[in-house]
Amino acid sequence: MAWRELTKKGVRTSLSRALTPVLPRLVVGSKFSSALEDVIKTSIPASLRCISEFSSRSALWGSACNKVPAVLPLMRYFHGTPELWARKNNNDPVSETNSKKKPSSRGKFAKRVRTEPPVEAPYVPPRPKRTTKSLPDKTIDIFEGMTIVELAKRTGESIPTLQEILVNVGEKVESEFDPLSIDIAELVTMEVGINVRRQHSTEGTEILPRPAVVTVMGHVDHGKTSLLDSLRQTSVAAKEAGGITQHLGAFVVSMQSGASITFLDTPGHAAFSAMRARGAAVTDIVVLVVAADDGVMPQTLEAMSHAKAANVPVVVAINKCDKPAADPERVKQQLASEGLLLEEIGGDVQVVEVSATKKTGLDNLEECLLLQAEMVDLKARIDGPAQAYVVEARLDRGRGPLATAIVKAGTLVCGQHVVVGSQWGRIRAIRDTAGKLTEKATPAMPVEIEGLKGLPMAGDDIIVVDSDERARMLSEGRKKKFEKDRLSKVNDGATENLETSEEEFKRVEMPIIVKADVQGTVQAVTDALKTLNSPQVFVNVVHVGVGPISQSDVDLAKACGACIVGFNIKSPPSSINLEATQAGTKIVLHRVIYHLLEEMGNLIVDKAPGTCETQVAGEAEVLNIFELKGRSKAKGDDVKIAGCRVIDGFVSKSSTLRLMRSGEVVFEGSCASLKREKQDVDSVRKGNECGLVISDWDDLQIGDVIQCLEQVVRKPKFISSESGAVRIEC
């Protein structure tokens with residue numbers, strides 16, 4: 001090994017010294033080859049000249065044109081040992097062992113060839129940049145001019161995520177500290193999946209006193225509408241179907257003192273709880289009407305809870321004080337026991353005794369309302385874009401979707417672009433409570449607007465935007481989020497249904513299509529019908545709508561076998577009635593909520609499968625025992641006949657018989673034979689005597705009691721309370 005290393009080192013040194021002075025003078029041609037060969041031969045040690053196969057000419061030929069690189073093949077040649085070089089020239093076969101261990105010419109940098117197949121790794125999807133899970137319970141406040149940094153803090157999302165959403169909605173923001181409009185902030189927040197609550201600043205705007213919004217609430221038939229009629233000198237109560245209020249009405253009443261008060265009349269039936277909640281949400285003062293001859297009722301307590309939840313002051317008006325059975329003191333005691341702090345016991349709730357029919361005590365009620373409004377110090381922003389609240393919505397055949405709203409702040413002007421819930425449009429006309437056209441609506445003014453593209457929901461907020469493009473964008477974003485939340489609720493409901501017990505899977509489904517005159521009534525009727533759910537019948541409201549019954553409603557009812565419920569709408573044309581009759585579709589039309597719920601409750605009871613129960617249909621006492629012996633094999637073995645008298649109900653041959661002895665059950669079986677006066681009969685009534693044979697039983701004694709059992713299907717019961725609440729009791 002030492003000899004080889006010294007040989008390699010000596011060759012390199014000799015070549016470098018010999019070639020350095022002659023390389024610049026080398027020329028391509030015959031002289032180059034001979035001169036270079038002479039130099040190499042004189043530089044090679046004598047120890048290597050013994051290799052006869054060595055030829056410097058053959059080693060260098062073909063690479064003479066590349067001056068310095070021409071030495072590299074020669075240097076590589078002398079890196080090998082003499083044995084390997086001789087074996088290569090003689091074409092000796094390399095042994096199998098040496099071939100396996102043949103080193104690579106490039107050492108550790110040699111390219112390794114993979115002979116095994118690659119390992120199949122499972123596919124891992126890329127991690128999403130952000131989750132789009134909706135958070136319907138989370139609500140944040142947004143305002144005009146907020147930055148992306150502030151929005152990121154409130155939503156909990158990163159700034160790059162919000163910037164990416166801004167690019168998608170077509171908004172260009174150079175810095176995260178640039179102000180955003182309130183509409184763009186709402187779009188970004190809805191895309192994240194969070195609810196928003198708009199906050200409007202009053203800086204630089206004119207703040208002026210506004211009229212009070214008073215909501216009249218109470219139990220059904222306690223005289224709420226009659227009291228309003230006495231205040232505004234009208235007779236609305238006489239025109240209402242059934243003599244009860246079934247809508248949410250808004251009126252402006254000019255009091256005798258010259259002040260104007262906006263009144264909201266709410267229905268008192270138990271089915272209209274959502275309407276009362278909406279009235280309390282937009283009101284400043286609640287007038288709680290209680291009948292002096294009836295006292296505190298369930299809807300009275302519900303109205304108190306709505307007022308407490310809305311954090312608004314309450315004024316109690318004890319109505320019907322002119323009746324002989326009136327007892328205002330008892331009403332005050334009941335209210336105090338329910339936690340209402342009246343002025344008489346040191347509280348702040350004013351109590352006024354009035355009579356709507358005799359029109360007494362109205363001056364005191366007006367004085368209390370104006371005093372309460374002065375204490376609250378009601379003021380609102382007059383200029384700037386309006387904020388309004390939808391009280392009711394309906395569909396008019398000539399004017400399209402109409403929304404009754406109360407302006408909370410700002411001024412609503414005809415021609416503005418508005419977004420109402422998930423609907424949008426341009427205000428085409430504004431009408432006051434008297435139906436007259438007006439150009440604008442100021443705070444606390446109830447108006448009816450038209451020009452919307454679709455029918456909004458009762459309780460939606462009305463916001464004013466700059467252009468129709470911005471209105472359309474907001475409407476589409478709200479519809480998208482509303483549909484996402486609805487689907488998540490449906491999925492949650494489906495998951496809960498899978499976890500229910502097996503008994504609930506036996507329920508019969510009753511599909512229903514609801515059509516009503518206004519949006520609020522549709523919601524009230526739908527909620528009331530859902531209260532009729534029972535363990536046996538599931539009320540499935542497949543479709544709701546505002547307006548008369550159309551051809552599409554009948555087609556949908558035929559497809560799913562539904563019943564069409566119409567409330568306070570016109571009768572459908574004869575062609576639709578004929579087609580519904582031919583298809584077997586039932587159409588139920590009513591104008592009073594009592595009658596509607598009663599008929600639907602009876603339909604549900606009829607459709608319910610009921611529960612099978614075993615009950616005693618009759619009893620017979622054994623008076624004597626007769627035994628038949630010596631019968632032939634064709635007629636069977638000996639039998640014992642029980643001579644009985646039916647003491648209650650009847651005994652039937654097809655029913656199951658139960659043998660009772662000393663109050664204990666001895667045997668149950670079928671009846672083999674039943675005769676009366678030697679004739680086979682099917683049943684024997686009370687007071688008659690008969691002879692019967694019990695199958696597979698002959699141990700009879702005088703005094704035994706034989707009961708006749710029968711299977712009875714017990715149907716649910718429809719129960720309606722005085723307050724109007726209904727339920728199905730199984």
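**Exercise 1.** Which residue in β7 is the bridge partner of valine 214?

*Solution.* The model is predicted: local features need pLDDT of at least 70, side-chain atom pairs count only at pLDDT 80 or more, and totals for chains, interfaces and linings use all residues. Residues are numbered from 1 along each chain as its sequence is written, and side-chain values use heavy atoms, with hydrogens and water left out.

Step 1. Helices (H or I, at least four residues) and strands (E, at least two) are DSSP runs, numbered from the N terminus. Two strands pair if DSSP finds at least two bridges between them.

Step 2. Strands β4 (residues 212–218) and β7 (residues 285–291) are joined by five bridges in the parallel sense.

Step 3. The partner of valine 214 in β7 is isoleucine 285.

**Exercise 2.** Find the order of the six strands in the open sheet, then its edge strands.

*Solution.* Step 1. The order is β5-β6-β4-β7-β8-β9, and the pairing is mixed.

Step 2. β5 (249–254) and β9 (350–353) each pair on one side only, as edge strands.

**Exercise 3.** Compare the span of helix α16 (residues 519–530) with the expected span, then decide how enclosed α16 is.

*Solution.* Step 1. The expected span of a helix is 1.5 Å times one less than its number of residues.

Step 2. For the 12 residues of α16 this gives 16 Å; the end C-alpha atoms lie 17 Å apart, which agrees.

Step 3. Buried means under 20% relative accessible area, exposed over 50%, partly exposed in between (1.4 Å probe, protein chains only).

Step 4. Nine of the 12 residues of α16 are buried, so α16 is largely enclosed by the rest of the structure. Among them are Gln519, Val522 and Leu529.
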